[in-house]
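Open the model in your viewer, colour the chain by secondary structure, and keep the selection panel at hand for the stops that follow.

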Amino acid sequence: MRYGCDEPGIYTIILFLEKGEEIGIGSLGTIDFAPGYYAYTGSARGPGGCKRVDRHVEILEGNRATRRWHIDYLLCKTGLVEVFITRTSRDLECSIAKAVGEHLSPVAGFGCSDCNCISHLYYGDDLERTRGAVSIAHSQAASMALVPSRE
């Protein structure tokens, strides 16, 4: 199944970790992950568009071994629950991640080595709360994506 698209955008993937586990996350070192739901927000505004989501799914399914980003180390330990995509060429990644973080707990430093955010990965122990947080964040971003960019 293909999740991504050819258009640029910002995505959030919701993952499920069945049991707590210490996982080595590249340059971040080992992190103790609680069982539950994780929402990771990333940017796919390059020429491949949201095909990056499909790359993440390949890692999650064990069909790709390359580990490049923090999320790559977590993917192979989790199951995919849902994918949210806001199609836009605007730089809304941090805005969406921060909005998700208003409702969920951050995994400090994860996925945000190129910005000043607390995190781009957030934890929730309940699926509906996690899904709701991501849905609200992408709904807000969709309305911002319609406003002409001043970039």
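Two strands count as paired if DSSP finds at least two bridges between them, and helices (H or I, at least four residues) and strands (E, at least two) are DSSP runs, numbered from the N terminus. This is a predicted model, in which local features need pLDDT of at least 70 and side-chain atom pairs count only at pLDDT 80 or more, while totals for chains, interfaces and linings use all residues. Residues are numbered from 1 along each chain as its sequence is written, and side-chain values use heavy atoms, with hydrogens and water left out.

Begin with the whole chain, whose secondary structure comes to 4 helices and 7 strands, arranged along the sequence as β-β-β-β-α-α-β-α-β-β-α.

Next, select residues 36-44 and 121-124, which are β4 and β7, and you will find them paired in the antiparallel sense over 4 bridges; within this pair, Y40 stands opposite L121 of β7.

Now widen the selection to the open sheet of 5 strands, which runs in the order β5-β1-β4-β7-β6 with antiparallel pairing. Because β5 (79-87) and β6 (105-106) stand at the edges with a single partner strand each, one side of each is left without a neighbour in the sheet.

Then add residues 51-60, helix α1, which lies across β1 (9-17), β4 and β5 and runs at about 20° to β1; axes here are lines fitted to C-alpha atoms, for helices over the stretch in contact, and angles run from 0 to 180 degrees between N-to-C directions. Finally, select helix α3 (residues 93-101), which packs on the sheet and touches β1, β4, β5 and β7, contact meaning heavy atoms within 4.5 Å.
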